[in-house]
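Colleague: Could you walk me through the cysteine links and charged pairs in this protein? I would like to hear the reasoning along with the values.

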Amino acid sequence: MGIKDMHRRSRLRKPTWIIILVSLVCVFLVVAYIYPPQDTTACYILSSSSCQTISRWRSRSPPERELSEEETAARVVIENLLNTPSIETKNPKIAFMFLSPGSLAFERLWDKFFQGHEGKFSIHIHASKAKPVHYSRYFQNREIHSDKVDWGKISMIDAEKRLLANALKDPDNRHFVLLSDSCVPLRSFDFVYSYLMYTDLSFIDSFEDPGPHGSGRYSEHMLPEVEKKHFRKGAQWFTMKRQHAIIVMADNLYYTKFRDYCKPGMDGRNCYADEHYLPTFFHMFDPSGIANWSVTHVDWSERKWHPKSYGLKGLSLQLIKNLTSITESVHETSNAKRVTTITPCMWNGVNRPCYLFARKFLPETLDKMIDLFSSYTTI
C-alpha cells in the first residue's frame with residue numbers, strides 16, 4: 001500500500017469516528033431527556049448542575065394543554081428567575097426566621113449558637129400573639145410586622161412569606177431558614193453555615209403520598225394549574241437559597257390555588273397548605289433544585305396529629321448524638337400499605353448527616369441543652 005493510500009484512508013477514518021461520537025452523545029441526551037434521574041442521589045451520577053439543566057430543559061417542552069395568559073406569565077417569571085445567575089456578595093449571610101406565638105423559649109441556647117459569628121447571620125421574628133421578651137442582644141428589635149396565625153390555615157404561609165420578604169431586604173442574606181419556637185440547633189454555627197452555603201440546593205421536603213393525608217387531600221378545584229399527579233407533601237420547616245425565596249415571593253397564581261382550595265374542611269377533607277404548597281410548587285418547577293428532605297428533625301413515630309415532644313426525661317448527650325448521626329431520610333405513606341421510602345441524604349454527591357436542627361423540644365429542657373451544647377457541637 002502506498003503512502004498516498006494510507007493518508008487517504010486516515011482522512012476517511014476521522015469523519016467516521018466523529019460521526020460515531022456525536023451519535024453516542026445524541027443518544028445519551030435523548031435517554032436523559034426521556035428518562036431523567038428521579039432523585040437527588042441519581043442526579044449526582046452526572047452532577048447537580050447537569051441534572052438541573054436537564055430538568056429545566058424538560059420543563060420548557062411544549063405543555064400538554066394550552067396555558068392561560070396568567071399561567072404563561074407565571075411560568076415565564078419562574079423560568080427567568082431560575083436561569084438568572086446568583087449574584088455573589090462580599091459578606092454572605094444566613095437569615096434565621098423564627099415563627100413563634102411570642103417569646104422564644106430557647107433564646108439563650110440560640111445565643112450560644114450565634115456567639116462569635118457576628119456578621120454571618122441575621123435574625124427575623126414573626127410573633128403572632130404577644131411581643132417577645134428577649135434575653136439575648138442578637139434578638140433585640142428583630143421582630144417584623146406580624147399577624148394572627150392559625151394552625152393548618154393559609155395564614156401560616158402568609159407568615160412565612162412575611163418573614164421571607166423582610167429577610168430578602170438584605171442582599172447579603174443568601175440562605176433562609178424557617179424555625180419554630182420549639183427548635184434547637186444540633187450543630188455548631190460553622191457546621192450549619194458550611195452545610196447550607198456551600199451547596200446549590202434548597203432543603204425543602206417533598207414526597208408523593210397516595211394516602212388520605214397526601215393526595216387524598218387534593219381538590220380538583222386546583223385544576224388546571226395544579227394537577228393531582230404533581231401534588232406533594234412535606235414538612236413545613238424549610239431552608240432555601242435566595243433564588244427560591246424570590247420565586248416564592250413572586251408567585252401569586254399557585255399560592256392562590258392553595259389558599260382557596262387547600263384548607264380544613266375543603267370538600268369534606270382537611271388540607272393544610274403549609275404541608276403541600278411549597279412541596280408541590282417546587283416539585284413542579286425545580287424538582288432537582290431541592291433536596292426532598294428537611295434539615296429539621298421531627299419524630300412522627302407516634303402517628304399522632306402532632307410530632308413527639310422531647311422533655312427533660314430522656315434528654316441526654318446520647319439522644320443528640322443519635323439525631324446527628326442519622327444519614328437517611330425516611331418517608332411513609334398514609335394509606336393502608338404504609339409504604340416506607342428510605343433515601344440517603346446526599347450533599348454535593350456525598351452521603352452526609354441529614355439534620356442541623358430538631359423540634360419539638362419542651363421549654364423545660366433549656367438549661368440542660370445549654371449544658372450539653374459545647375459537648376454535642378464538638379462531636
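Modeller: Happy to; what follows is a set of questions and answers on a predicted model.

Colleague: How many disulfides does the structure hold?

Modeller: A disulfide is a covalent bond between the sulfur atoms of two cysteines. One joins Cys262 to Cys271, and Cys345 and Cys354 form another. The number of disulfides in the structure is 2.

Colleague: Which hand does the disulfide of Cys262 and Cys271 have, left or right?

Modeller: The sulfur atoms of Cys262 and Cys271 lie 2.0 Å apart, and both residues are buried. The torsion about their S-S bond is about -80 degrees, so this disulfide is left-handed.

Colleague: And which hand has the link of Cys345 and Cys354?

Modeller: Here the S to S distance is 1.9 Å. The angle about the S-S bond is 95 degrees, and the link of Cys345 and Cys354 is right-handed.

Colleague: Is Cys354 buried or exposed?

Modeller: Buried means under 20% relative accessible area. Cys354 has a relative accessibility of 0%, so the residue counts as buried. Its partner Cys345 also has 0%, and for Cys354 the answer is buried.

Colleague: Turning to charges, how many salt bridges are there?

Modeller: The rule asks for a side-chain nitrogen of Lys or Arg within 4 Å of a carboxyl oxygen of Asp or Glu. Glu227 and Lys229 meet it with their closest N and O atoms 3.9 Å apart, and Asp267 and Arg269 do so at 3.9 Å. By this rule the count of salt bridges comes to 14.

Colleague: How many residues apart are Lys93 and Asp170?

Modeller: Their side chains meet in a salt bridge, with 2.6 Å from N to O. Lys93 belongs to strand E1 (residues 93-100), whereas Asp170 sits in the loop between helix H6 (155-168) and strand E3 (173-180). The pair thus links distant parts of the chain, and the separation is 77 residues.

Colleague: In that pair, is Lys93 buried or exposed?

Modeller: Its partner Asp170 has a relative accessible area of 22% and is partly exposed. Lys93 has 12% relative accessibility, which is under the 20% limit, so Lys93 counts as buried.

Colleague: What is the relative accessible area of Lys229?

Modeller: Lys229 is the salt-bridge partner of Glu227, and Glu227 is partly exposed at 26%. Lys229 is partly exposed too, with a relative accessible area of 45%.

Notes: Residues are numbered from 1 along each chain as its sequence is written. This is a predicted model: local features need pLDDT of at least 70, side-chain atom pairs count only at pLDDT 80 or more; totals for chains, interfaces and linings use all residues. Side-chain values use heavy atoms; hydrogens and water are left out. A disulfide is a pair of cysteine sulfur atoms within 2.5 Å. Buried means under 20% relative accessible area, exposed over 50%, partly exposed in between (1.4 Å probe, protein chains only). Helices (H or I, at least four residues) and strands (E, at least two) are DSSP runs, numbered from the N terminus.
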